[in-house]
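These are my notebook entries on a single chain. I set down what I looked up, in the order in which I looked it up.

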Amino acid sequence: MSELSLESVTENYYDVLKELGNIGAGNAMTALSQMLQCKVDMRVPQVKLLDFKDVGTLMGGEEQIMLGVFLAIEGDITGSMMFLIEKKSAKHLINRLMMGMAQEGEEFSEMEFSAMKEVGNIITGAYLNSLSMMTNLKIYPSPPAVTVDMAGAILSVPAIEFGIYGDKILLIQSQFFDDEEIDGYFILVPDLQSYAKILSSLGLPV
């Protein structure tokens with residue numbers, strides 16, 4: 001298997017990654033609808049292959065306060081996955097989930113963090129299940145960690161862990177809404193060998 005660099009991801013590969021992104025995000029929104037027991041609509045996800053350093057800018061700047069759900073991936077592929085959502089949108093989601101019982105104000109209570117962990121678990125789980133079914137690869141997520149911080153600080157976690165500053169990552173921006181529009185971002189950071197496994201399991205030469 002030749003060494004794969006994301007710089008060399010051709011149009012062909014990109015289309016496949018896009019398709020994975022669309023199906024994964026769609027299944028995640030279905031899971032969210034069931035969880036909230038209300039209809040959640042979704043715009044067609046924007047799938048982008050970006051330099052890691054540009055991701056924070058896309059989210060409204062590296063200083064934008066976000067809530068991030070982070071989990072490690074093990075099994076046939078290794079790496080990490082994140083789901084990031086703006087603080088205000090996270091409050092809205094939690095409030096829906098807790099039937100209007102979320103606390104007032106900017107801060108998150110332990111119970112709200114716990115609720116957001118559950119949201120993160122379900123939507124990243126649905127996303128990874130789609131990936132697993134399409135590729136026939138075994139993928140096991142770790143328990144999620146939740147943090148509230150500036151986008152740049154949250155994004156630095158996988159950057160440090162995987163040493164990928166300057167590399168590219170797959171970002172799926174999903175706009176979904178019930179009575180309020182919510183911007184969610186899925187970030188999949190497999191290591192390069194895992195990208196090769198994903199592509200070859202889909203029948204693409206690597």
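Entry 1: the cavity lining. I worked from a predicted model. I first asked which residues line the largest cavity. I found Leu-20, Gly-24, Tyr-127, Ser-130, Leu-131 and Met-134 in that lining. I then looked up the volume of the largest cavity, which is about 30 Å³. The count of cavities of 30 Å³ or more comes to one.

I next asked which helices supply at least two residues each to this lining. They are helix H1, residues 11-36, and helix H4, residues 110-135. Helix H4 gives the most, with four residues. By character, I recorded four nonpolar residues and two polar ones in the lining, and no charged residue.

A general point helped me to read the list of lining residues. An α-helix has 3.6 residues a turn, so residues three or four places apart point the same way.

Entry 2: helix H4. Since H4 gives the most to the lining, I checked its length. H4 has 26 residues, and at 1.5 Å a residue it should span 38 Å. The C-alpha atoms at its ends are 37 Å apart, so the expected span and the model agree. I also looked at what follows the helix. Just after H4, Asn-136 takes a positive phi of about 60°.

Entry 3: Thr-124. This residue also lies in helix H4. Is Thr-124 buried or exposed? Its relative accessibility is 1%, and a residue under 20% counts as buried, so Thr-124 is buried. I then looked up its contacts, leaving aside neighbours within four places in sequence. Thr-124 is in contact with Leu-71, Met-81 and Phe-83.

Entry 4: aromatic pairs. Phe-83 led me to the aromatic rings. How many aromatic pairs are there? The count comes to two. In one of them, Phe-83 and Phe-186 have ring centres 5.1 Å apart and 45° between the planes, and the pair is tilted. This pair links distant parts of the chain: Phe-83 is in strand E4, residues 79-86, and Phe-186 is in strand E8, residues 181-190. The two residues are 103 residues apart. Phe-83 has 0% relative accessibility and therefore counts as buried. Phe-186, also at 0%, counts as buried.

I turned next to Tyr-127 and Phe-186. Their ring centres lie 5.3 Å apart with the planes at 20°, so this pair is stacked. This pair, too, links distant parts of the chain, with Tyr-127 in helix H4 and Phe-186 in strand E8, 59 residues apart. Tyr-127 counts as buried because its relative accessibility is 2%. I noted that Phe-83, Tyr-127 and Phe-186 form one aromatic cluster. Tyr-127 is also one of the residues that line the largest cavity.

Entry 5: the whole chain. I ended with the overall layout. The secondary structure comes to six helices and eight strands. Along the sequence, the elements follow the pattern α-β-β-α-β-β-α-α-β-β-α-β-β-α. The chain has 206 residues, of which 49% count as buried. Finally, I looked up how far apart in sequence the contacting residues are. Among contacts between residues at least 6 apart in sequence, 72% join residues at least 24 apart. The Phe-83 and Phe-186 pair, 103 residues apart, is one link between distant parts of the chain.

Note on methods:
Residues numbered from 1 in each chain as written. Predicted model: local features only at pLDDT ≥ 70, side-chain atom pairs only at ≥ 80, totals over all residues. Heavy atoms only, no water. 1 Å grid on protein atoms, 1.4 Å probe; cavity = no way out; pocket = protein on both sides within 12 Å on 5 of 7 lines; lining within 4 Å. Points joined across faces, edges and corners; volume = space filled by probe spheres on them. Nonpolar A, V, L, I, M, F, W, Y, C, P; charged D, E, K, R; others polar. Expected span 1.5 Å × (residues − 1). Phe/Tyr/Trp six-rings, centres within 6.5 Å; stacked < 30°, edge-to-face > 60°. Buried < 20%, exposed > 50% of the residue type's maximum accessible area, 1.4 Å probe, protein only. Contact = heavy atoms within 4.5 Å.
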